[in-house]
Amino acid sequence: MLKGKHIILGITGGIAAYKSAMLLRLLIKRGAEVQVVMTPAAKEFITPVTLSALSGKPVISQFFTANSGEWHSHVDLGLWADLMLVAPATASTLAKMATGVADNMLVTTYLSAKAPVMVAPSMDLDMFAHPTTARNLETLRRDGVEIIEPGSGELASHLIGKGRMAEPEEIVERVEAFLEARNAGIAGKSDSDMKGQRWLITAGPTFENIDPVRFIGNYSSGKTGFDLAAEIAERGGEVLLVAGPVTIPTPESPLVKRINVRSAVEMYEVCLKEFEMCDGAIMSAAVADYRPEKCAERKIKREGEEELTLHLVRNPDIAASLGRIKGDRFLVGFALESDHELENACSKMERKNLDCIVMNSLRDGKCFNVDTNSITIINRDLARKKYSAMDKRELARLIVENIIDEQKRKKKEN
Ligand code: CTP
């Protein structure tokens, strides 16, 4: 994938700059031609000599070479590249990129680059968590920059948290997957990719009432479904977001209409009514499989009772019900499996007549209420796309891109 590709490797002044030498080596090993551009601060962390020896090209960090007066053209560099990758990307460089503060060679090159840009942020946990950084990353994301999420672990400050640059191997994998996706013509977002389409999305948990004050529920935050709604709306599609009880805000778009429900049966009824008017549905809700047979009219009292037995009955399977009536509509399901992941996910896709299934991996036993997830998208022809720990918003983009791609493929086949 990287053979003959021209890559600008931007290195900024963070402790993770030492990993850039390994990253550079991996890129070169896979056949890429790499031009390193450093910020002045980066030289405090790694020497240009190491990097030029590894890349076989002089490192660029100034607008002019001091002794010869040679001018380095950021415009030519921007045209030469197939990809610009900034790793590590410090909070300061991200801010400059987001706002266009072109006071060094790296940012001027970014502003001139015609090629796609990827950044691998690296900073202390509080800096990464700060709303300013989040805002700058969101701006860059909206500008089409691909963010390679940092990992969690011990940081240079010895504090433990999120902010550690992704490992070089993971960055290279992401670069390859990204270029491959672009080659297949699915990356690069347009605000009209989904224009004229209407999508139904289920999100969040369902609550099944036991009595007027108690219920059976789960920890689903609804974030994945809400991010998917935002992604489709950004691409011009209309969304009907059928949300269980969640506290997160509805994506701000006139294209997103939200219907609140509480129980699985309520969610089922809305979905069945609305699906006919939709081009597809994404079933991201964590629907309770069972509900109490009867909801007590009054609060259940414990007086004299040593045990309480609840009799539960099966809830309707919304995804499977839509699968039975879907016709040529596109139906996406999710699977959270702990054993025989692939096998179970594929049989779920078959059983529910889905066009594609997104398999969530449990990380440390967790999937709900975490910011990042690892997923595998499995299409009906069993082709698989695996993505490691990424921001959920980013995953939403990949899921929607896969839908667009599959819709195109289906159209071609018919
Ligand atoms: N789903 C649904 N209605 C249900 C249960 C699940 O629409 N009553 C949807 C989920 O939104 C998800 C997919 O079906 O897209 C798979 O959900 P999951 O809970 O993993 O599967 P189950 O069919 O409940 O199987 P199991 O819990 O036994 O793994």
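A residue counts as buried when its relative accessible area is under 20%, as exposed when that area is over 50%, and as partly exposed in between. The exercises below apply this to a predicted model.

**Exercise 1. Determine how Arg393 is paired with Glu234, and classify both residues by accessibility.**

Step 1. Arg393 and Glu234 form a salt bridge, in which the closest N and O atoms are 2.9 Å apart.
Step 2. Arg393 belongs to helix α13 (residues 392-413) and Glu234 to helix α9 (residues 223-234), so this pair ties together parts of the chain that are 159 residues apart in sequence.
Step 3. Glu234 has a relative accessible area of 31% and is therefore partly exposed, whereas Arg393, at 12% relative accessibility, counts as buried.

**Exercise 2. Place the salt bridge between Glu337 and Lys348 in the structure, and decide whether each partner is buried or exposed.**

Step 1. The side chains of Glu337 and Lys348 meet at a distance of 2.5 Å, taken from N to O.
Step 2. Because Glu337 lies in the loop between β16 (330-336) and α12 (341-351), while Lys348 lies in helix α12, the salt bridge ties together parts that are 11 residues apart in sequence.
Step 3. Glu337 is at 9% relative accessibility and therefore counts as buried; Lys348, with a relative accessible area of 18%, is buried as well.

**Exercise 3. Describe the salt bridge of Arg409 and Glu413, and set it in the context of the whole structure.**

Step 1. The closest N and O atoms of Arg409 and Glu413 are 3.1 Å apart, and the two residues form a salt bridge.
Step 2. Both residues lie in helix α13, with a separation of 4 residues, which is about one turn of the helix.
Step 3. Arg409 has a relative accessible area of 31% and is partly exposed, while Glu413, at 57% relative accessibility, counts as exposed.
Step 4. In total, the structure holds 31 salt bridges, and the general principle is that side chains of opposite charge can pair when their charged atoms come close.

**Exercise 4. Explain why helix α5 is described as largely enclosed, and identify the polar contact at its start.**

Step 1. Helix α5 covers residues 105-112, and 7 of its 8 residues are buried, so the helix is largely enclosed by the rest of the structure.
Step 2. The buried residues are Met105, Leu106, Val107, Thr108, Thr109, Tyr110 and Ser112.
Step 3. At the start of α5, Asn104 brings a side-chain oxygen to within 3.0 Å of the backbone nitrogen of Leu106, which satisfies the 3.5 Å cut-off for a polar contact.

**Exercise 5. Characterise the surroundings of the ligand, from its nearest residues to the elements that supply its shell.**

Step 1. There are 14 residues around the ligand, and those that come nearest are Met283, Ala285, Phe334, Lys348 and Lys352.
Step 2. Oxygen atoms of the ligand are found 2.7 Å from a polar backbone atom of Met283 and 2.8 Å from a polar backbone atom of Ala285, while a ligand nitrogen atom is 3.0 Å from a polar backbone atom of Ile318.
Step 3. On its own the ligand has 570 Å² of accessible area, of which the protein covers 77%.
Step 4. The space that the ligand takes is the largest pocket, and the elements giving two or more residues to the surrounding shell are α11 (318-325) and β16.
Step 5. Strand β16 provides the largest share of that shell, namely 4 residues.

Notes
Residues numbered from 1 in each chain as written. Predicted model: local features only at pLDDT ≥ 70, side-chain atom pairs only at ≥ 80, totals over all residues. Heavy atoms only, no water. Buried < 20%, exposed > 50% of the residue type's maximum accessible area, 1.4 Å probe, protein only. Polar contact = N/O pair within 3.5 Å; in protein donor to acceptor, adjacent residues only side chain to side chain. Salt bridge = Lys/Arg side-chain N within 4 Å of Asp/Glu carboxyl O. Near = heavy atom within 4 Å. Areas by Shrake-Rupley, 256 points an atom, 1.4 Å probe, with all protein chains shown as cover. 1 Å grid on protein atoms, 1.4 Å probe; cavity = no way out; pocket = protein on both sides within 12 Å on 5 of 7 lines; lining within 4 Å. Sits in = over half its atoms within 2 Å of the grid points.
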